[in-house]
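Let's walk through this fold together, starting with one pair of strands and working outwards. Please keep the model open beside the text.

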Amino acid sequence: MKIQQLRNATFILTLGSRRFLVDPMLSGPGKLPAFKVFSRERQRNPIVALPEEAKEALKTVTDVLITHEHMDHIDRAGMKWIKDRDLPVWASPIDTPYLKKKGLKVTALENGAMDMKVELVPTKHSRGLLSWLLGPVTGFYLAHPREPSIYLTSDAVLTEHLLKTLDRLKPDVIVAPAGSANFGLGPDLLFSVNELVTLTKRVNSKMIFNHLEAIDHCPTTRDELKQRMSEEGLAARVFIPKDGEEMEFLPDANPSVIKNLGIYQPTGRFQKWLTGQFAGT
Ligand SMILES: [Zn+2]
């Protein structure tokens with residue numbers, strides 16, 4: 001299994017013979033609006049360009065996986081890029097109607113798809129009313145028969161449900177958004193640094209932190225995060241890739257066995273509809 005970080009939550013996941021482009025936000029710098037609302041530090045997004053390596057890496061993508069339809073996970077440029085190549089898109093059943101309407105060739109990702117064990121894990125993007133307004137978000141657990149298992153939390157904050165799911169699934173690798181993210185008012189939208197420490201201590205998985213230093217409302221820096229993980233004695237299991245960096249993970253001698261795959265019940269269709277009105281794609 002290979003993971004190549006491109007920018008923010010966008011990366012390429014190589015599993016078996018497939019290369020999934022995950023959450024493609026492909027706009028050039030400043031082409032998207034500011035996400036921070038109540039702050040002088042607000043600036044147009046993304047705040048950095050895609051890395052040089054993206055050009056070559058994108059040429060060999062075979063599939064696309066979209067965790068939710070916020071603009072920093074699928075933007076207009078990403079939509080166009082997918083359509084121009086007519087690539088198959090995978091998403092949760094709650095996102096497929098919207099993406100289909102946008103003209104993408106999308107299929108709901110379910111257990112057994114592409115010979116993988118798949119579990120969809122609903123997550124909370126922020127807390128309270130803000131979480132509701134941001135709509136339901138889905139994390140994906142993927143266990144390919146010849147690869148390490150991986151869990152993409154997608155945009156989330158730490159909840160008891162998420163921790164219990166990890167206790168059960170025991171993924172070999174976890175990809176989690178680490179930029180904290182705040183609109184300038186109200187609760188954080190993503191894991192805080194303290195929550196990332198709690199999350200990392202709870203599991204034995206290798207941790208990959210992304211969603212960093214690319215969007216104006218994500219204040220946590222790679223350096224700060226690296227330092228904190230070292231202080232906590234967790235650095236050996238934590239990877240904080242630069243944009244363009246590629247990592248390889250070899251199959252474990254004892255891959256985790258899944259006995260109890262959860263049944264995913266999509267909820268919050270109205271929330272999804274509402275989010276779609278503002279997604280700008
Ligand atoms: Zn995001």
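Strand E3 (residues 18–22) runs parallel to strand E4 (residues 63–66), and three bridges pair them. Leucine 21 has valine 64 in E4 as its bridge partner. Strands and helices here are DSSP runs numbered from the N terminus, with at least two residues for a strand (E) and at least four for a helix (H or I), and two strands count as paired if DSSP finds at least two bridges between them.

A word on the source: this is a predicted model, in which local features need pLDDT of at least 70 and side-chain atom pairs count only at pLDDT 80 or more, while totals for chains, interfaces and linings use all residues. Residues are numbered from 1 along each chain as its sequence is written, and side-chain values use heavy atoms, with hydrogens and water left out.

Now step back to the sheet around that pair. E3 and E4 belong to an open sheet of seven strands with mixed pairing, in the order E6-E5-E4-E3-E2-E1-E13. Strand E6 (106–108) and strand E13 (246–248) are the edges; each has a single partner strand, so one side of each lacks a neighbour in the sheet. From one strand to the next, the twist averages 25 degrees; such angles are taken between N-to-C directions and run from 0 to 180 degrees, with axes fitted as lines to C-alpha atoms, for helices over the stretch in contact.

Within this sheet, strand E1 (residues 2–7) holds glutamine 4. Is glutamine 4 buried or exposed? With a relative accessibility of 8%, glutamine 4 counts as buried; buried means under 20% relative accessible area, exposed means over 50%, and partly exposed lies in between (1.4 Å probe, protein chains only). Beyond its neighbours within four places in sequence, glutamine 4 is in contact with Phe11, Ile12, Glu53, Ala57, Gly244, Glu245 and Glu246, where contact means heavy atoms within 4.5 Å. The C-alpha atoms of glutamine 4 and aspartate 243 are 8.2 Å apart, although 239 residues separate the two in sequence.

Two loops that involve this sheet are worth a look for their backbone geometry. Most residues other than glycine have a negative phi, and most peptide bonds are trans. Asparagine 8, in the loop between E1 and strand E2 (10–15), has a positive phi of about 50 degrees although it is not a glycine. Asparagine 8 is also buried, with a relative accessible area of 0%. Proline 46 sits in the loop between E3 and helix H1 (54–59), and the peptide bond leading to proline 46 from asparagine 45 is cis, with omega near -15 degrees.

Next, turn to the other open sheet, whose six strands follow the order E7-E8-E9-E10-E11-E12, again with mixed pairing. Its edge strands, strand E7 (117–123) and strand E12 (238–239), each pair on one side only. E7 pairs with strand E8 (residues 137–143) in the antiparallel sense over seven bridges, and valine 121 has glycine 139 in E8 as its partner. Even at the edge, E7 is mostly covered, with five of its seven residues buried.

Further along, strand E9 (residues 150–152) runs parallel to E10, joined by three bridges. Strand E10 (residues 173–177) is also parallel to strand E11 (residues 206–210), over five bridges, and isoleucine 174 stands opposite methionine 207 in E11. Both faces of E10 are covered: Val173, Val175 and Pro177 are buried on one side, and Ile174 and Ala176 on the other.

What packs on this sheet? H6 does, touching E10, E11 and E12, and its direction makes about 160 degrees with that of E11. The buried residues of H6 are Val193, Glu195, Leu196, Val197, Leu199 and Thr200, and they pack against helix H5 (160–169), E10, E11, H7 and E12.

Finally, follow helix H6 (residues 193–202) to helix H7 (residues 222–231): their axes come within 11 Å and cross at roughly 45 degrees. In H6, Val193, Asn194, Leu196, Val197 and Thr200 meet Leu225, Arg228 and Met229 in H7.

Across the whole protein there are eight helices and 13 strands, and buried residues make up 57% of the 281 residues.
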